[in-house]
Amino acid sequence: MVATGREDRVAFRQLYALTSAKLFGICLRICRERHAAEDVLQEVYAIIWRRAGAYEPGQTSPFAWLATIARNRAIDYHRALGRRPTAPLDNVAEPAASERLALESMLLDEEERKLHGCMDRLSETQRDAIRTAFFEGITYAGLADVRGVPTSTMKSRIRRGLERLKECLDDDI
(Lines give C-alpha, C1' and ligand atoms only; values in the text may rest on other atoms or scores of the structure.)
Protein backbone atom coordinates (compact mmCIF):
# COMPACT_ATOMS: atom_id res chain seq x y z
CA MET A 1 0.00 0.00 0.00
CA VAL A 2 2.80 2.39 0.91
CA ALA A 3 4.58 1.66 -2.37
CA THR A 4 1.35 2.31 -4.27
CA GLY A 5 1.20 5.65 -2.47
CA ARG A 6 4.58 6.42 -4.03
CA GLU A 7 2.99 5.70 -7.43
CA ASP A 8 4.76 2.38 -7.87
CA ARG A 9 2.83 0.73 -10.71
CA VAL A 10 4.18 -2.77 -9.98
CA ALA A 11 3.01 -2.48 -6.36
CA PHE A 12 -0.37 -1.27 -7.58
CA ARG A 13 -0.70 -4.29 -9.89
CA GLN A 14 0.15 -6.58 -6.95
CA LEU A 15 -2.35 -4.78 -4.75
CA TYR A 16 -5.00 -5.24 -7.44
CA ALA A 17 -4.19 -8.94 -7.85
CA LEU A 18 -4.42 -9.53 -4.10
CA THR A 19 -7.58 -7.53 -3.38
CA SER A 20 -9.74 -7.21 -6.48
CA ALA A 21 -11.81 -10.36 -5.91
CA LYS A 22 -12.81 -9.38 -2.38
CA LEU A 23 -13.44 -5.75 -3.29
CA PHE A 24 -15.53 -6.89 -6.24
CA GLY A 25 -17.57 -9.02 -3.82
CA ILE A 26 -18.26 -5.96 -1.68
CA CYS A 27 -19.28 -3.92 -4.72
CA LEU A 28 -21.48 -6.72 -6.06
CA ARG A 29 -23.32 -7.20 -2.75
CA ILE A 30 -24.17 -3.51 -2.61
CA CYS A 31 -24.78 -2.79 -6.32
CA ARG A 32 -26.57 -6.13 -6.93
CA GLU A 33 -25.66 -6.10 -10.63
CA ARG A 34 -22.43 -7.43 -12.11
CA HIS A 35 -21.90 -4.66 -14.66
CA ALA A 36 -22.54 -1.98 -12.03
CA ALA A 37 -20.13 -3.66 -9.62
CA GLU A 38 -17.47 -3.81 -12.34
CA ASP A 39 -17.91 -0.08 -13.05
CA VAL A 40 -17.72 0.76 -9.36
CA LEU A 41 -14.63 -1.43 -8.89
CA GLN A 42 -12.87 0.44 -11.67
CA GLU A 43 -13.68 3.73 -9.92
CA VAL A 44 -12.51 2.27 -6.62
CA TYR A 45 -9.07 1.47 -8.00
CA ALA A 46 -8.81 4.92 -9.57
CA ILE A 47 -9.55 6.38 -6.12
CA ILE A 48 -7.03 4.04 -4.49
CA TRP A 49 -4.36 5.10 -6.98
CA ARG A 50 -5.02 8.78 -6.23
CA ARG A 51 -5.35 8.42 -2.44
CA ALA A 52 -2.89 5.66 -1.55
CA GLY A 53 -0.39 8.25 -0.38
CA ALA A 54 -2.83 9.26 2.36
CA TYR A 55 -2.95 5.73 3.83
CA GLU A 56 -1.38 5.61 7.30
CA PRO A 57 -0.18 2.08 8.15
CA GLY A 58 -0.71 2.34 11.92
CA GLN A 59 -4.31 3.57 11.70
CA THR A 60 -6.06 0.55 10.17
CA SER A 61 -5.29 -2.55 8.16
CA PRO A 62 -4.72 -2.02 4.44
CA PHE A 63 -7.69 -4.18 3.50
CA ALA A 64 -10.02 -2.37 5.90
CA TRP A 65 -8.97 0.91 4.27
CA LEU A 66 -9.57 -0.50 0.78
CA ALA A 67 -12.87 -2.12 1.77
CA THR A 68 -14.12 1.18 3.17
CA ILE A 69 -13.40 2.92 -0.12
CA ALA A 70 -15.17 0.15 -2.07
CA ARG A 71 -18.16 0.11 0.26
CA ASN A 72 -18.58 3.89 0.23
CA ARG A 73 -18.26 4.14 -3.55
CA ALA A 74 -20.74 1.29 -4.09
CA ILE A 75 -23.22 2.89 -1.69
CA ASP A 76 -22.84 6.22 -3.50
CA TYR A 77 -23.48 4.48 -6.83
CA HIS A 78 -26.50 2.61 -5.44
CA ARG A 79 -27.99 5.79 -3.97
CA ALA A 80 -27.46 7.66 -7.23
CA LEU A 81 -29.53 5.03 -9.03
CA GLY A 82 -32.51 5.97 -6.88
CA ARG A 83 -32.34 9.53 -8.17
CA ARG A 84 -32.15 8.55 -11.85
CA PRO A 85 -35.15 7.52 -13.93
CA THR A 86 -34.87 3.82 -14.60
CA ALA A 87 -37.33 3.54 -17.49
CA PRO A 88 -38.57 5.84 -20.21
CA LEU A 89 -41.97 7.41 -19.57
CA ASP A 90 -43.58 5.40 -22.36
CA ASN A 91 -42.73 2.22 -20.42
CA VAL A 92 -44.58 3.21 -17.24
CA ALA A 93 -46.21 0.18 -15.64
CA GLU A 94 -49.94 -0.39 -15.61
CA PRO A 95 -51.68 0.53 -12.34
CA ALA A 96 -52.00 -3.11 -11.25
CA ALA A 97 -48.27 -3.64 -11.70
CA SER A 98 -47.57 -0.34 -9.93
CA GLU A 99 -49.69 -1.41 -6.98
CA ARG A 100 -47.89 -4.75 -6.82
CA LEU A 101 -44.51 -3.00 -6.90
CA ALA A 102 -45.64 -0.59 -4.18
CA LEU A 103 -46.74 -3.51 -2.00
CA GLU A 104 -43.45 -5.34 -2.58
CA SER A 105 -41.54 -2.16 -1.76
CA MET A 106 -43.57 -1.68 1.41
CA LEU A 107 -42.87 -5.27 2.49
CA LEU A 108 -39.16 -4.84 1.83
CA ASP A 109 -39.18 -1.62 3.87
CA GLU A 110 -40.92 -3.46 6.71
CA GLU A 111 -38.36 -6.28 6.58
CA GLU A 112 -35.55 -3.75 6.59
CA ARG A 113 -37.04 -1.96 9.62
CA LYS A 114 -37.39 -5.32 11.38
CA LEU A 115 -33.76 -6.18 10.63
CA HIS A 116 -32.54 -2.79 11.87
CA GLY A 117 -34.65 -3.16 15.02
CA CYS A 118 -33.15 -6.57 15.70
CA MET A 119 -29.64 -5.28 14.98
CA ASP A 120 -30.25 -2.52 17.54
CA ARG A 121 -30.97 -5.20 20.17
CA LEU A 122 -27.47 -6.66 19.78
CA SER A 123 -24.55 -5.47 21.85
CA GLU A 124 -22.43 -2.76 20.23
CA THR A 125 -19.52 -5.20 19.75
CA GLN A 126 -21.76 -7.81 18.09
CA ARG A 127 -23.46 -5.22 15.87
CA ASP A 128 -20.11 -3.73 14.81
CA ALA A 129 -18.59 -7.15 14.12
CA ILE A 130 -21.54 -8.35 12.04
CA ARG A 131 -21.79 -5.15 10.02
CA THR A 132 -18.07 -5.05 9.34
CA ALA A 133 -17.74 -8.74 8.47
CA PHE A 134 -20.80 -9.01 6.25
CA PHE A 135 -21.19 -5.56 4.72
CA GLU A 136 -17.54 -4.68 4.30
CA GLY A 137 -16.34 -8.18 3.48
CA ILE A 138 -13.57 -8.31 6.06
CA THR A 139 -12.58 -11.79 7.23
CA TYR A 140 -12.91 -12.86 10.85
CA ALA A 141 -9.12 -12.87 11.19
CA GLY A 142 -8.81 -9.41 9.63
CA LEU A 143 -11.56 -8.04 11.84
CA ALA A 144 -10.01 -9.63 14.94
CA ASP A 145 -6.70 -8.05 14.04
CA VAL A 146 -8.26 -4.60 13.57
CA ARG A 147 -10.22 -4.86 16.86
CA GLY A 148 -7.27 -6.33 18.78
CA VAL A 149 -8.97 -9.58 19.87
CA PRO A 150 -8.20 -13.25 19.14
CA THR A 151 -9.80 -14.69 16.01
CA SER A 152 -11.72 -17.23 18.10
CA THR A 153 -13.23 -14.39 20.13
CA MET A 154 -14.32 -12.61 16.97
CA LYS A 155 -15.86 -15.79 15.56
CA SER A 156 -17.76 -16.38 18.80
CA ARG A 157 -18.92 -12.77 18.94
CA ILE A 158 -20.28 -12.94 15.40
CA ARG A 159 -21.82 -16.40 15.86
CA ARG A 160 -23.64 -15.36 19.06
CA GLY A 161 -24.77 -12.13 17.42
CA LEU A 162 -26.14 -14.01 14.42
CA GLU A 163 -27.96 -16.44 16.73
CA ARG A 164 -29.57 -13.53 18.60
CA LEU A 165 -30.43 -11.86 15.30
CA LYS A 166 -32.10 -15.03 14.00
CA GLU A 167 -34.09 -15.45 17.23
CA CYS A 168 -35.25 -11.84 17.04
CA LEU A 169 -36.28 -12.13 13.41
CA ASP A 170 -38.06 -15.47 14.05
CA ASP A 171 -39.93 -14.00 17.05
CA ASP A 172 -41.44 -11.26 14.92
CA ILE A 173 -42.76 -13.59 12.22
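In this predicted model, C31 is a buried residue, with a relative accessible area of 4%. The cysteine sulfur closest to that of C31 belongs to C27, at 5.9 Å, which is too far for a bond. Seen from the other side, the sulfur of C27 has C31 as its closest cysteine partner, again at 5.9 Å, so no bond is assigned here, given that a disulfide requires sulfur atoms within 2.5 Å. C27 counts as buried as well, because its relative accessibility is 0%.

A bonded pair is found elsewhere in the chain. The structure holds one disulfide, formed by C118 and C168, whose sulfur atoms lie 2.0 Å apart. This pair ties together distant parts of the chain: C118 sits in helix 5 and C168 in helix 8, 50 residues apart. The torsion about the S-S bond is about -75°, and the disulfide is therefore left-handed. Both ends of the bridge are shielded: C118 has a relative accessible area of 2% and is thus buried, while C168, at 7% relative accessibility, falls under the 20% limit and so counts as buried too.

We can now return to helix 2, where C27 and C31 take part in the contact with helix 3. The axes of helix 2 and helix 3 come within 9 Å and cross at roughly 140°. An angle over 145 degrees would be needed for a roughly antiparallel pair, so helix 2 is oblique to helix 3. The crossing of these two helices is right-handed. On the helix 2 side, the contact residues include R9, F12, L15, Y16 and L23 alongside the two cysteines. Helix 3 contributes, among others, R34, E38, V44, Y45, I48 and W49.

Several of these interface residues reappear in the nonpolar interior. The largest nonpolar core has 42 residues, and L23, V44 and I48 are those with the most contacts inside it. At least two core residues are supplied by each of helix 2 (9–31), helix 3 (34–51), helix 4 (62–83), helix 5 (95–121), helix 6 (124–135), helix 7 (140–147) and helix 8 (151–171). Helix 4 provides the largest share, with 10 residues. Such a grouping fits a broader tendency: in soluble globular proteins, nonpolar side chains tend to be buried together.

I48 offers a handy view of the packing. Leaving aside residues up to four places away in sequence, I48 touches F12, L15, L23, L66 and I69. Of these partners, F12, L15 and L23 belong to the helix 2 side of the contact with helix 3.

Notes
Residues are numbered from 1 along each chain as its sequence is written. This is a predicted model: local features need pLDDT of at least 70, side-chain atom pairs count only at pLDDT 80 or more; totals for chains, interfaces and linings use all residues. Side-chain values use heavy atoms; hydrogens and water are left out. A nonpolar core is a set of buried Ala, Val, Leu, Ile, Met, Phe, Trp, Tyr and Cys residues joined through side-chain atoms within 4.5 Å. Buried means under 20% relative accessible area, exposed over 50%, partly exposed in between (1.4 Å probe, protein chains only). Helices (H or I, at least four residues) and strands (E, at least two) are DSSP runs, numbered from the N terminus. Contact means heavy atoms within 4.5 Å. Axes are lines fitted to C-alpha atoms, for helices over the stretch in contact, and angles run from 0 to 180 degrees between N-to-C directions. Angles under 35 degrees count as roughly parallel, over 145 as roughly antiparallel, 65 to 115 as roughly perpendicular and the rest as oblique. A crossing is left-handed if the near helix is turned anticlockwise from the far one by less than a right angle, and right-handed if clockwise.
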